[in-house]
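Biologist: I am new to this structure and would love some help. Please take a close look at the aromatic pairs with me, and then show me what else is worth finding.

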Amino acid sequence: MRTEVFVRRTRIAVPADVVFNWHARPGAFERLAPPWERVEVVERTGGIRDGDRIVLRMKAGPFPQRWVAVHRDYVAGRQFRDVQVVGPFALWEHTHLVTPDGSSACLLEDRIEYALPMGTIGRLVGRGFVRHKLERLFDYRHRVTAQDVLAHSGERGGSAMHVLVTGATGLLGSALIPFLTTGGHRVTRLGRSQTGEGAVRWDPEAGVLNGTDLEGLEAVVHLAGENIAGRRWTAEQKARIRDSRVKGTRLLCETLAGLDRPPGTLVCASAIGYYGDRGEEVLREESAPGEGLLPEVCQAWEGAAAPARQKGIRVVNLRFGVVLSPKGGALAKMLFPFRMGVGGVIGSGRQYMSWIALDDVVGVIHHALGTGALRGPANAVTPHPVTNRAFTKTLGRVLRRPTIFPMPAFAARLAFGEVADALLLASTRVAPGRLLETGYVFRYPELEGALRRLLGK
């Protein structure tokens, strides 16, 4: 059997034990899984010690594959190895090494010995493809590892906290929780169907939340709410959009305010829909709200946190822009038509789109948790909003596809109803003033760089 060896080594300005412990905590695999790959953890036994096991469901094109790996050769603080026992390779042994480089830095090394199936034919057909995938994968993994451990070790990283997260299974929550747990924080999930250790149930519609389940929290991140773009806006759907945010936030904040020891911080999601359709006007946190459903919902949503503010809890209302991730949201819906070469400008193309990459969403929430000077509204968008035309051309360039099929405004309204005017055709040019003032540094400030990282290009 002819084997190949792949090695990636990166110096990280954090002590070796910090980087090793990051890998050993729950959530490390989820943080390291690139967003462009379709990988799901089916089963996990233990962590990274000898005999611990992980079962993955993956897709190679349209074909599902099962991958079972077992950990071996664990050396505390320095090394662990995962070996494929079921999967697509004839051989796969992946050694993770963390070596001190002085007292305040280390070398992170991933070394993979592998053999492709089908012998000579497999090498001829797949060698270059696999090598390219490994280069992309470990470029991403090492970048995320370095960014995460540096964020947790920075001056605002702070000590470990007990954090309650609502909306844990959504796009934002499912990215945030692994980031927090790998950083050593304890996370409790609050949801309608949450069960088991580290989970609390509530029913916002019925007004049911047991305050005793929330004692001992140090911070809360509230992300729950009905998907705004999930379906056409009937009267019933508009009511769900409003009630899921306002009722849930009010119930949570009243409950927190009634605790004997309330948490010190509440980070509560909001949206740049607060500003409405404003053309080329640069919108800052102090800008007046707009008119229409979304501005009204956002004002009521932020106002529902009043009981927490009155109790003395530091409340941060993060007004999120368009969150970019191939795992969900607007970008995920765009990818198929753009990859098929039928993407194009929507409406005039002059409307502004204020965006933020999913990893910066996680970073902004972490920044809000640890920055005492930040309170009230904060625009969670990059400093570089783009027009729809610029976004379209940039996505086409990253995917290497033409963008010559426009969607006129009337067609967007026929397809999506009121959602088109509120989300696709509205222009909202927002500046992240409070984040920049309090020292947040964006991981992905420019659109093309963000798209290339998110899509593995």
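Modeller: With pleasure, and one definition comes first: a residue is buried under 20% relative accessible area, exposed over 50% and partly exposed in between, using a 1.4 Å probe and protein chains only. You are looking at a predicted model, where local features need pLDDT of at least 70 and side-chain atom pairs count only at pLDDT 80 or more, while totals for chains, interfaces and linings use all residues. Residues are numbered from 1 along each chain as its sequence is written, and side-chain values use heavy atoms, without hydrogens or water.

Now to the rings. Phe, Tyr and Trp (by its six-membered ring) pair if the ring centres lie within 6.5 Å; planes under 30 degrees apart are stacked, over 60 edge-to-face, and the rest tilted. That rule gives eleven aromatic pairs. One of them joins Tyr274 and Tyr275, edge-to-face, with 5.2 Å from centre to centre and 80° between the planes. Both Tyr274 and Tyr275 are buried. Elsewhere, Trp67, Phe89, Trp92 and Tyr114 come together in one aromatic cluster.

Tyr274 has another partner. A charge sits over a ring if NZ of Lys or CZ of Arg is within 6 Å of the ring centre and within 35 degrees of the ring normal. Arg319 lies over the face of Tyr274, 3.7 Å from the ring centre. Arg245 does likewise with Trp301: its charged end is 4.9 Å from the centre of that ring.

Next, the cysteines. Searching the whole structure for disulfides (two cysteine sulfur atoms within 2.5 Å) turns up zero. For Cys268, the closest cysteine sulfur belongs to Cys253, at 6.1 Å, too far for a bond. Cys298 has its closest cysteine sulfur in Cys268, and at 11 Å that is also too far. Cys268 is buried at 1% relative accessibility, and Cys298 is buried at 3%.

There is also an enclosed space to find. On a 1 Å grid over the protein atoms alone, a cavity is a set of points where a 1.4 Å probe fits but cannot get out, and lining residues have an atom within 4 Å of a point. Points are joined across faces, edges and corners, and the volume is the space filled by probe spheres set on them. The count is one cavity of 30 Å³ or more, and the largest cavity holds about 40 Å³. Its lining consists of His23, Leu32, His96, Leu108, Asp110, Arg141, His142 and Thr145. Helices (H or I, at least four residues) and strands (E, at least two) are DSSP runs numbered from the N terminus. Both β7 (106–115) and α3 (119–153) supply at least two lining residues, with α3 giving the most, three.

Finally, two backbone spots. Most residues other than glycine have a negative phi. Asp73, in strand β4 (63–75), has a positive phi near 55° and is partly exposed, at 37% relative accessible area. Arg400, in the loop between α10 (388–399) and α11 (409–416), has a positive phi of about 60° and is exposed, at 75%.

Note on methods: On a 1 Å grid over the protein atoms alone, a cavity is a set of points where a 1.4 Å probe fits but cannot get out, and a pocket is an open set with protein on both sides within 12 Å along at least five of seven lines; lining residues have an atom within 4 Å of a point.
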